[in-house]
Amino acid sequence: MARKNKEYPVIDLFAGPGGIGEGFASLHANNGKPEFRTLVSIERDDYAHQTLLLRHFFRSFREEVPDAYYDYIAGYITKDELIQKYTLAWQHEESSA
């Protein structure tokens, strides 16, 4: 029985920096569509949560990650500048991580 492009929802408890979520996010069907979609990731450690949030933000750009993300990683812009450029995407990912 074939599924019709349905993504399986994932809730990641004790997510750490998001390794399991990365694994789920990397699985795609033959048509290129994601097999899984993380609804929420929960982590209480502040440092792990910061990494988790940044990974959620990165994955929100499914087709093309903006240069500003790489500028932030390289230290050319601050995290606040990155958030200012992509406020809605950041806010959305804050609600899921």
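**Group meeting talk: a walk through one chain**

Okay, so to start: buried residues make up 29% of the 97 residues in this chain. Keep in mind that what you're looking at is a predicted model. On overall dimensions, the C-alpha trace spans about 50 × 30 × 20 Å along its principal axes. And the accessible surface? That comes to about 6900 Å², with 53% of it belonging to carbon and sulfur atoms.

Let's go through the layout. The chain has 5 helices and 2 strands, and if you start at the N terminus, the order reads β-α-β-α-α-α-α. Look at the beginning of that pattern. Strand S1, residues 8-12, pairs with strand S2, residues 36-41, in the parallel sense, over 5 bridges. If you want one pair to click on, take Ile 11, whose bridge partner in S2 is Val 40. Helix H1, residues 19-25, joins in too: S1, H1 and S2 make a right-handed β-α-β unit.

Now for contacts along the chain. If you take contacts between residues at least 6 apart in sequence, 65% of them join residues at least 24 apart.

Next, the core. Which residues have the most contacts inside the largest nonpolar core? They're Leu 54, Phe 57, Tyr 69, Leu 82 and Trp 90, in a core of 13 residues. Two elements give two or more residues to this core, helix H2 (46-60) and helix H3 (67-74). H2 gives the most, with 4 residues. As a bit of background, nonpolar side chains in soluble globular proteins tend to be buried together.

Let's zoom in on Phe 57. Setting aside neighbours within four places in sequence, Phe 57 is in contact with Tyr 69, Leu 82, Tyr 86, Ala 89, Trp 90 and Glu 93. So that list has a glutamate in it as well.

My last stop is His 56, which sits in helix H2. Is His 56 buried or exposed? Buried, because its relative accessibility is 4%, and the cut-off for buried is under 20%. What does His 56 touch, again leaving aside neighbours within four places? Thr 38, Ser 41, Glu 93, Ser 96 and Ala 97. With Ser 96 there's something extra: the two side chains are joined by a polar contact of 3.0 Å. If you've got the structure open, try finding that pair, His 56 and Ser 96.

That's it from me, thanks for listening!

Definitions and conventions:
Residues numbered from 1 in each chain as written. Predicted model: local features only at pLDDT ≥ 70, side-chain atom pairs only at ≥ 80, totals over all residues. Heavy atoms only, no water. Core = buried A, V, L, I, M, F, W, Y, C linked by side-chain atoms within 4.5 Å. Buried < 20%, exposed > 50% of the residue type's maximum accessible area, 1.4 Å probe, protein only. Contact = heavy atoms within 4.5 Å. Polar contact = N/O pair within 3.5 Å; in protein donor to acceptor, adjacent residues only side chain to side chain. Pairing = 2+ DSSP bridges. Right-handed = clockwise from strand over helix to strand, strands pointing away. Areas by Shrake-Rupley, 256 points an atom, 1.4 Å probe, with all protein chains shown as cover.
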